Amino acid sequence: MLARCSGAALVGLEARAVAVEVDIAPGLPGLQVVGLADAAVQESRQRVRAAIRNSQLRMPLTRVIVNLAPADLRKEGPAFDLPIALAVLAASGQLDPAQLEGIWCAGELGLGGELRPVRGAVALALAAQRHGARALLLPQANQREAELVEQLPLVVAGSLSEALHWLQNPNRTTQPARAPATDALPPPLDPLSDLAGVQGQLHGRRALEIAAAGSHHLLLVGPPGSGKTLLARCLPGLLPQLNRAERLELTQLYSVAGLLPPQGELLQQRPFRSPHHSCSSAALVGGGAKLRPGELALAHRGVLFLDELAEFRRDVLNQLRLPLEQGELWLSRARQRLRFPCAVHLVAATNPCACGWAGDPERTCSCGSAQQQRYWSRISGPLLDRIDLQVVMRRLEGSTLGAGFRGNSTSEASAVVRQRVQAARERMLQRNPDGVSNSALTARDLRQCGSIGTEALDLWQAAIDQRGLSARVAERVLRVGRTIADLGDQPSVGASAIAEALSYRSFDQLSAAAADRGRAAHPPVAAGAGAPRRDYRRHCQGSSQASD
């Protein structure tokens with residue numbers, strides 16, 4: 001007898017329909033699985049046997065062949081345990097095969113028949129909805145994430161016996177209540193990630209606000225203990241709340257990666273991912289034998305913080321160049337090509353040299369020029385071009401730190417800054433085509449809706465010739481200027497906005513100064529790191545005066 005049950009296989013962030021076909025024929029007892037199944041699917045034979053037997057059901061004592069169609073699609077994971085078991089029961093006459101028509105199911109079986117959660121429940125629900133499924137049967141632990149997909153009948157079960165009972169008596173079982181469609185409030189902000197706890201660093205705080213308003217990338221360079229990591233951790237608190245579509249997208253991504261909490265809690269906050277500098281390219285960008293998303297994709301709609309940027313391997317960092325510009329990552333292998341979204345806010349932090357004190361007016365750097373150049377050589381020029389805001393931070397003075405402990409601090413809290421960011425984003429989304437952020441504006445969009453004044457263009461052109469800026473950097477200066485104008489509620493970009501945007505190209509300034517002095521050609525950052533301490537001090541003072 002032949003029986004069929006519908007399931008799905010995860011391919012990247014999506015799920016593709018898989019027909020589980022079971023045929024029972026005369027022969028020696030055995031269960032054989034075909035259809036390009038991996039080791040986890042092959043091991044389902046033992047789990048299905050034990051689950052059926054321990055659920056007081058009968059396992060056929062004949063030859064059982066399970067086919068997972070289409071046969072050329074690779075199937076991975078234990079999610080096929082439940083559809084295989086139900087199809088075996090239908091083929092052996094313990095379940096009416098007609099009751100499986102239009103029913104999609106997925107779940108891992110324990111030896112006692114209990115159902116355990118599986119990865120990618122949101123993707124499975126979306127695929128079932130696209131194919132017009134009559135209902136989706138899932139383990140109870142996957143209920144909350146599957147409820148994000150509306151207009152899809154959902155049934156949850158805690159064991160194989162409960163799933164079989166619902167199939168045999170669908171009218172006697174109450175459907176689980178769905179969660180309300182209203183947007184839930186995000187958890188309260190962590191006090192340690194509030195801008196009110198950041199003392200001084202006005203230039204860095206201003207750059208963080210601009211990065212949040214226009215979705216710009218940010219690089220913080222300064223000595224140890226200057227507040228680079230503290231500033232980076234404050235960025236998620238400045239970003240707007242996730243809407244329902246973004247929560248669904250993030251929950252689907254983390255569900256496929258298997259990183260949702262055990263309780264099935266949905267993601268309410270924007271992610272903050274901070275990989276260690278020793279991570280591989282597969283860990284940072286994605287890939288591996290089964291093409292899983294990396295830290296770059298897991299930071300989608302949130303913040304990717306690369307601390308100690310100069311300690312990362314150069315080949316790993318260079319793989320970020322194209323995804324950062326396109327907002328998506330394509331992983332290509334011999335048999336498949338998968339897409340992962342990666343619209344992230346990149347925040348990078350690093351020391352000016354290996355010892356961390358290059359250019360400090362009080363501390364002496366123990367690194368030679370050759371060592372400094374090797375330290376910065378891991379950061380390529382094309383990667384720096386894609387970072388809109390490059391900020392040099394200096395060591396805090398005792399009076400600035402003491403003001404916070406004496407209660408005399410005037411630092412704004414994240415809630416105050418978030419209001420300005422939200423207002424600037426509303427102006428940006430209403431003006432820009434398709435509601436894209438300022439950082440994603442093309443050159444054509446900048447000409448049509450950028451509203452850049454004549455004096456601003458004159459200053460911009462002069463800066464290009466004086467500093468030798470590339471076309472990519474020049475356009476990014478205009479995008480940052482547009483964001484600064486939005487924060488100031490200015491309909492057009494003035495010369496002051498362009499001047500402030502140019503002040504955030506710190507390493508362009510230092511490299512141009514080195515070129516004027518007739519030094520040998522170095523990458524922009526290497527020239528900045530190897531500059532004398534007086535240049536670094538003058539630049540820090542200029543940055544501080546600009547923020548004041």
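This is a short talk on the fold, one central strand, one histidine and the largest pocket of the chain shown above.

Before anything else, please keep in mind that what we are looking at is a predicted model, and that the values I quote are computed from it.

Let me begin with the chain as a whole, whose secondary structure comes to 24 helices and 18 strands. Of the 548 residues in the chain, 51% are buried. If we take the contacts between residues at least 6 apart in sequence, 75% of them join residues that are at least 24 apart. As for the surface, the chain exposes about 24100 Å², and carbon and sulfur atoms supply 49% of that area.

Now to strand β10, which covers residues 218–221. Its side chains alternate, in that L218 and L220 point one way while L219 and V221 point the other way, and all of these residues are buried. On the pairing of this strand, β10 is joined by four bridges to β17, residues 345–350, and the two run parallel; within that pair, V221 stands opposite T350. Four bridges also join β10 to β18, residues 389–392, again in a parallel arrangement, and here L218 of β10 stands opposite L389.

Next, a single residue, H300, which sits in the loop between α11, residues 295–298, and β14, residues 303–307. Is this loop histidine, H300, buried or exposed? H300 is buried, because its relative accessible area is 3%, and the cut-off for calling a residue buried is under 20%. If we set aside the neighbours within four places in sequence, the residues in contact with H300 are E249, L250 and L253, then P271, and finally the run of P341, C342, A343 and V344.

A343, which we have just met as a contact of H300, brings me to the last topic, the largest pocket, whose volume is about 870 Å³. Its lining has 32 residues, and those closest to the centre of the pocket are S215, A343, S437, S439 and A440. Which helices each supply at least two residues of this lining? Among them are α13, residues 321–326, α17, residues 414–431, and α20, residues 471–487. In terms of chemical character, the lining of the largest pocket divides into ten nonpolar, twelve polar and ten charged residues.

To close, the two places I would ask you to find in the structure above are buried H300 in its loop and A343, which is in contact with H300 and is listed with the residues closest to the centre of the largest pocket.

Notes:
Residues are numbered from 1 along each chain as its sequence is written. This is a predicted model: local features need pLDDT of at least 70, side-chain atom pairs count only at pLDDT 80 or more; totals for chains, interfaces and linings use all residues. Side-chain values use heavy atoms; hydrogens and water are left out. Buried means under 20% relative accessible area, exposed over 50%, partly exposed in between (1.4 Å probe, protein chains only). Two strands pair if DSSP finds at least two bridges between them. Contact means heavy atoms within 4.5 Å. Accessible areas come from the Shrake-Rupley method with a 1.4 Å probe; for residues, only the protein chains shown count as cover. On a 1 Å grid over the protein atoms alone, a cavity is a set of points where a 1.4 Å probe fits but cannot get out, and a pocket is an open set with protein on both sides within 12 Å along at least five of seven lines; lining residues have an atom within 4 Å of a point. Grid points are joined across faces, edges and corners, and a volume is the space filled by probe spheres set on the points. Ala, Val, Leu, Ile, Met, Phe, Trp, Tyr, Cys and Pro count as nonpolar, Asp, Glu, Lys and Arg as charged, and the others, Gly among them, as polar.
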